[in-house]
Amino acid sequence: MTTTQTPTPQSPISESIEDQRDRPLIDRETILILDFGSQYSELIARRIRETQVYSEVLSHRTDAATLQKLNPKGIILSGGPNSVYDEGAPLCDPEIWQLGIPVLGVCYGMQLMVQQLGGHVARAERAEYGKASLYIDDPTDLLTNVEEGSTMWMSHGDSVLRMPEGFERLAHTENTECAAVANHEKQLYGVQFHPEVVHSEGGMPLIRNFVYHICECQPTWTTATFVEESIKEIREQVGDRRVLLALSGGVDSSTLAFLLHKAIGDKLTCMFIDQGFMRKYEPERLVKLFHEQFHIPVAYVNARDRFLAQIDGITDPEEKRKRIGHEFIRVFEEESKRLGPFDFLAQGTLYPDVIESADTSIPSQPGQRVAVKIKSHHNVGGLPDDLCFKLVEPLRKLFKDEVRKVGRSIGLPEEIVQRHPFPGPGLAIRILGEVTAERLDILRDADYVVRQEINRQGLYHDFWQAFAVLLPIRSVGVMGDQRTYAYPIVLRLVSSEDGMTADWSRVPYDLLETISNRIVNEVRGVNRVVYDITSKPPGTIEWE
């Protein structure tokens with residue numbers, strides 16, 4: 001087997017672009033991913049970024065001329081739910097194969113490559129899902145350093161029955177004759193498996209081979225690069241004007257506060273709006289921390305009654321999010337007149353927020369991608385049409401783990417860097433149904449117990465999120481020989497890398513027992529505690 005040394009990446013960061021149609025050449029080495037509706041498209045981008053190479057996800061409709069203008073070092077075609085022979089199946093511009101740019105097709109992407117270049121794809125006699133051992137026929141080039149018998153993750157019901165002219169087989173599995181194929185002369189490659197998922201043992205060596213050796217990229221896209229370019233872009237966008245930051249105290253808005261403060265100094269004003277949906281003691285702690293330790297002034301606004309009135313009687317989760325989002329902007333507009341004037345509103349919007357808030361409409365621009373709307377995020381889908389601010393969102397195309405790296409690199413304290421994600425609407429979407437002052441107090445106390453106990457046992461960093469949910473129902477219980485009729489609390493503890501997918505955490509029973517006993521005994525109005533063992537998908541991390 002041929003051995004090739006590859007660069008060792010340290011700290012990856014990337015962003016993505018909104019509209020590619022009229023954009024000039026990208027001035028750094030880039031791998032572009034064409035999305036065919038795969039749930040793993042963003043994961044491919046993250047894996048490329050782990051090699052310290054810039055990566056973006058575009059729609060499969062992006063034409064060859066646009067791609068050539070963007071000047072990528074390589075192109076990856078994602079998987080997708082369709083069969084290439086279906087009527088109306090998503091296709092790519094066939095001129096892509098003539099660009100002279102290396103292309104890697106993954107699952108559906110490989111089948112599309114084969115079909116468009118004259119091969120044949122059909123329903124397989126046996127579908128292949130889950131883990132499969134990869135047997136290598138050609139250990140060079142794409143499969144350099146991929147070990148014989150490596151486990152790869154399969155998810156397909158179609159197979160390549162005939163390769164196009166000029167292609168050869170690189171690997172197979174017991175069920176799939178063409179598990180990896182290549183036209184070495186044209187640098188066109190395809191794999192039937194998903195190298196981007198964690199279950200694929202040889203996935204990252206394969207990705208590094210494509211990025212470094214086939215596309216000849218250098219690992220130059222780092223956290224330091226992102227910070228340097230972001231500061232430059234912020235200064236160019238803002239100029240001498242002032243920026244108002246919606247500070248929540250989480251890692252996203254805190255990282256953004258530090259980044260903006262580095263870029264524009266005292267032209268930044270941080271405002272914390274206490275909407276009454278924060279966790280116990282957090283508003284007071286946040287303002288003190290930024291004032292005394294970070295020396296970044298924060299304007300505190302108590303708007304608890306106003307927000308509670310805004311969602312009074314509202315039970316639909318989408319309506320809750322939108323009303324809270326609208327009220328956020330209205331409060332900012334009003335307070336900015338007192339503190340301002342301000343031209344820009346800065347938000348710590350992340351890529352998963354944008355993806356989950358995406359519209360289902362067919363994009364009209366070749367750089368846009370198709371996504372299914374899961375839920376509106378208060379800082380994306382909840383913004384009003386008559387917004388009087390221009391938005392500053394430097395983190396908009398980053399995943400949570402990338403934001404943590406940026407925060408750490410610019411001096412954000414570890415206690416904030418490692419803070420669990422907290423939704424913008426706060427506890428209002430962790431109370432199912434109507435939100436009342438009484439229910440908020442109950443949930444705040446229960447959530448405080450959860451956080452206390454996982455910290456006490458040193459398990460806080462073992463979870464992506466750990467929190468409580470209040471259900472709008474009551475059940476019968478017995479406490480002190482008396483009948484009770486009280487609320488149940490749901491415990492939600494999950495593990496994840498970026499929030500796009502998540503698994504419920506297998507926590508020690510004694511921890512669950514301790515949390516349950518404390519909540520039932522200490523939180524008035526609760527007589528039952530249950531544990532949510534649903535992964536994402538099919539569920540979401542939050543209940544609303």
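Tutor: A residue is called buried when its relative accessible area is under 20%, exposed when over 50%, and partly exposed in between (1.4 Å probe, protein chains only). The structure is a predicted model, in which local features need pLDDT of at least 70 and side-chain atom pairs pLDDT 80 or more, while totals for chains, interfaces and linings use all residues. Residues are numbered from 1 along each chain as its sequence is written, and side-chain values use heavy atoms, without hydrogens and water.

Student: Why is Ser83 called buried?

Tutor: Its relative accessible area is 8%. The limit is under 20%, so Ser83 counts as buried.

Student: Where is Ser83 found, and what does it touch?

Tutor: Ser83 is in the loop between strand E3 (74–77) and E4. Helices (H or I, at least four residues) and strands (E, at least two) are DSSP runs, numbered from the N terminus. Leaving aside residues up to four places away in sequence, Ser83 touches Ala89, Tyr108, Arg123 and Asp158; a contact means heavy atoms within 4.5 Å.

Student: What makes strand E4 and strand E10 a pair?

Tutor: Two strands pair if DSSP finds at least two bridges between them. Strand E4 (residues 103–106) and strand E10 (residues 188–191) have four bridges, in the parallel sense, so the definition is met. One bridge partnership is that of Val106 with Val191 in E10.

Student: Which strands are the edge strands of the open sheet, and why are they called that?

Tutor: The open sheet has eight strands with mixed pairing, in the order E2-E1-E3-E4-E10-E9-E8-E6. Its edge strands are strand E2 (54–59) and strand E6 (135–136), each of which pairs on one side only.

Student: Where does UniProt place the feature "binding site"?

Tutor: The unreviewed UniProt entry places it at Ser248, Gly249, Gly250, Val251, Asp252, Ser253 and Ser254. Such positions are given in the numbering used here, with feature names shortened, and annotations may be inferred rather than shown by experiment.

Student: Why do Val251 and Ser254 count as buried?

Tutor: Val251 has 2% relative accessibility and Ser254 has 0%, so Val251 counts as buried, and Ser254 counts as buried. Val251 is found in helix H6 (residues 251–264), and Ser254 is in helix H6. With residues up to four places away in sequence left out, Val251 touches Lys400, Val403, Arg404, Leu412, Ile416 and Val417. On that basis Ser254 touches Leu247, Gly249, Phe290, Leu412 and Ile416.

Student: What lies 2.7 Å from the backbone oxygen of Gly250?

Tutor: A polar atom of the side chain of Ser254 lies at that distance.

Student: Why does Arg279 count as buried?

Tutor: Arg279 has 5% relative accessibility, so it counts as buried. Its place is in the loop between strand E12 (268–274) and helix H7 (282–294). Beyond residues up to four places away in sequence, Arg279 touches Arg419, His420, Phe422, Leu427, Arg430, Arg444, Asp447 and Arg451.

Student: How many disulfides does a search of the whole structure find?

Tutor: Zero. A disulfide is a pair of cysteine sulfur atoms within 2.5 Å. As for individual cysteines, Cys178 is buried because its relative accessible area is 5%, and Cys270 is buried because its relative accessible area is 0%.

Student: How many residues does the protein chain have, and what percentage count as buried?

Tutor: The protein chain has 544 residues, of which 58% count as buried. There are 14 helices and 20 strands in the chain.

Methods: Polar contact = N/O pair within 3.5 Å; in protein donor to acceptor, adjacent residues only side chain to side chain.
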